[in-house]
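Me: Please take a close look at one helix in this model and at what surrounds it. Then carry on to the other parts that can be described in similar detail.

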Amino acid sequence: MNLLKQVRSLLRPGERCLHARSSRYACCSVSSSHAVSNEHCKTGVSGFTSKLAAGPSFRDFVKNVAAGEKVAPDLHEEAEETHPYLPEDAQIGTGRKVYFETYGCQMNVNDTEIAWSILQKKGYLRTSDLAQADVILLVTCSVREKAEQTIWNRLQQLTALKRRRPRSQTPLKIGILGCMAERLKKQLLEREKLVDVLAGPDAYRDLPRLLSVSESGQQAINVLLSLEETYADVMPVQLQPQGRAAFVSIMRGCDNMCSYCIVPFTRGRERSRPLASILQEVRMLSDQGVKEVTLLGQNVNSYRDTSEVQFCSAEPTHMSRGFSSLYRDRKGGLRFSELLERVSRIDPDMRVRFTSPHPKDFPDEVLQLIQERHNICKQLHIPAQSGSTRILQAMRRGYTREAYLELVDHIRSVIPEVSLSSDFIAGFCGETEEDHLQTVSLLREVRYNVGFLFAYSMRKKTHAYHRLQDDVPGEVKQRRLEELIRVFREEAASLNLGLVGSTQLVLVEGVSKRSAAELSGRNDGNVKVIFPDLEDPTGCASGGTAGIKPGDYVRVKVQQGHCTAPILLSRLTLVYRSAQGRQQAQQHSPGMIKKRKANVCNN
């Protein structure tokens, strides 16, 4: 029996379950009329171990690999994981239609594209019509309580839809993907029983199996976090194939462990995607006509690729001056500056952005590269979270107010035309009125172009949940938030007044939602610009027509402080802008306020 236990320990969990069941009937009490003798059991085990002994050994797997050499993964072939306890065709979608709803940050948008790529290969179809769906998958966010409440409300609606489904149709399956699946797995499955499938951020490869299990009426779950999963060999399928902008995930997870943040507990530790797979995806997007890529990660500028031997060295990490980290300093690896440089070289006519960074990871080599490369946008997200050193310490951010302001000054000295955005939390644990006023003064001193401001929402599992007191009343949080928003808007409006008469380079995205007679696009500072749908004054329109099209770069002159009615000057390429000089084509971008759901949720 000890030998049988050793054999079981070598099996996969699913396989172990089936073998354990069969062994129970084979080696149970001899009083049963159907029992098998212990001698027969021993013979069966001996036969099985003999087969194992006759099979390949560990040496067979490594004999062709030189000592110390790492085997690079084949980026063109996606590994197929098989499950011998399921029929061969059980994981095939057989034309079942999947409906996706995505909530939260850009990372969730990219996760949706990864999940769809995996299901598409298994024969599933995608639908944008909820009534036609056989499977409904919600890609969720857990960063704030409000985000989770939105999902709970939506689940109640979908459950009602599930009950009304005609019996003549296949049963409707509802799945929760992403951060909320990991954080609230017990409540979702056991207490509320609203879902059929739960898949955490690192379990999307397992979706076909989970859906197959759910077809038998069982609930299926996989929320295990991984130290290695980056989906490097899964090429995301854009949900809008004709889009001119795309997100490219370069790393997953976060090690910063800020006291308010749930991300390290829902997305795991930091791990970076291999450089080769990132470059391959960006080249593919360029070939498809994409004109802007945003490199994504919870802590995007801490990227460190150690997948190849030549990237491993003893070079220490260079942080921004005056910044520190809670985790032990890592050495070696290909860093973010090198990745950014190589991505920018793929297509000179493609804009490159990145989000969401941490202020500690802005060494000079990154700033200088941004200034030198014409197609790397001069827009940086520098999350402050608070203007009070005391609160920053409670948040475990690794810097002081003074260090943050010194970094901002340094960035503006290296990149004079930079557009800045930031995150702020109102009413964090222990925040006094004086702490709040210091945040107000930071907003006035830095003057951001874009802001993401929210009232504090305590999350379970975080350091703040275990060690701090959420002692700021809700009405006080709301008042302070409204004050921060008001101050931000005042400073943004002041910046806008200096833009009247300036020229902006805009990447056209399409027809404006406001009017069919207008087009919309974004400037280098990532701010939306609305302008009339006029014919190209130069007569050099693409495709032999005179109309401006999505994916075109145009120069517009700002007539109003909010860039709502610019004059179209000409069409040009991004390379042309560099040749003509950045001062003519790009000034400080206008201010606006946007909801956090359009940003990676961490810093």
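Reply:

**A covered helix and its surroundings**

Helix α9, residues 207–214, is mostly covered, with eight of its eight residues buried. The model is a predicted one, and the protein has an average pLDDT of 80, with 73% of the residues scoring at least 70. The buried residues of α9 are L207, P208, R209, L210, L211, S212, V213 and S214. Two of the names in that list are serines, S212 and S214, and R209 is buried along with them. The cover over these residues includes helix α5 and four strands: β3 (135–140), β4 (173–178), β5 (197–199) and β6 (220–222).

Helix α5 leads on to a sheet. α5 spans residues 106–121 and lies across β7, β10 and β13, running at about 85° to β7. Those three strands make an open sheet in the order β7-β10-β13, paired in parallel. β7 (245–249) and β13 (351–355) stand at the edges and have a single partner strand each, so one side of each is left without a neighbour in the sheet. From one strand to the next the twist averages 25°. Between strand β10 (residues 292–296) and β13 there are five bridges in the parallel sense, and L296 stands opposite T355 in β13. Helix α5 therefore links the two descriptions: α5 is included in the cover of α9, and α5 also lies across the strands whose edges are left open, β7 and β13 having a single partner each.

Antiparallel pairing is found around strand β18. Strand β18 covers residues 518–522 and is mostly covered, five of its five residues being buried. Side chains in a regular strand alternate between the two faces of the sheet. In β18 both faces are covered: E518, S520 and R522 are buried on one side, L519 and G521 on the other. Strand β17 (residues 503–511) runs antiparallel to β18 and is joined to it by four bridges, with S520 as the bridge partner of G510. The two strands form a hairpin that has six residues between them. β18 is also joined to strand β19 (residues 528–532), by five bridges and again antiparallel. Here V529 in β19 is the bridge partner of G521. The hairpin of β18 and β19 has five residues between the strands, and N526 takes a positive phi near 65°.

A pair of helices can be described in similar detail. Two packed helices are described by the angle between their axes and the distance between the axes. For helix α13 (residues 364–372) and helix α15 (residues 401–414), the axes come within 9 Å and cross at roughly 35°. The crossing of α13 past α15 is right-handed. D364, L367, Q368 and Q371 are the α13 residues in the contact, and they meet H410, I411 and V414 in α15. By class, this contact has three nonpolar, three polar and one charged residues.

Two stretches call for caution. Residues 561–565 stay under a pLDDT of 50, and the model gives them 13 contacts beyond four places in sequence. Residues 581–603 also stay under 50, with 110 contacts beyond four places in sequence. Predicted coordinates should not be read in detail where pLDDT is low.

Key:
Residues are numbered from 1 along each chain as its sequence is written. Side-chain values use heavy atoms; hydrogens and water are left out. pLDDT is the predictor's confidence in each residue, from 0 to 100. Contact means heavy atoms within 4.5 Å. Two strands pair if DSSP finds at least two bridges between them. Axes are lines fitted to C-alpha atoms, for helices over the stretch in contact, and angles run from 0 to 180 degrees between N-to-C directions. Buried means under 20% relative accessible area, exposed over 50%, partly exposed in between (1.4 Å probe, protein chains only). A crossing is left-handed if the near helix is turned anticlockwise from the far one by less than a right angle, and right-handed if clockwise. Ala, Val, Leu, Ile, Met, Phe, Trp, Tyr, Cys and Pro count as nonpolar, Asp, Glu, Lys and Arg as charged, and the others, Gly among them, as polar.
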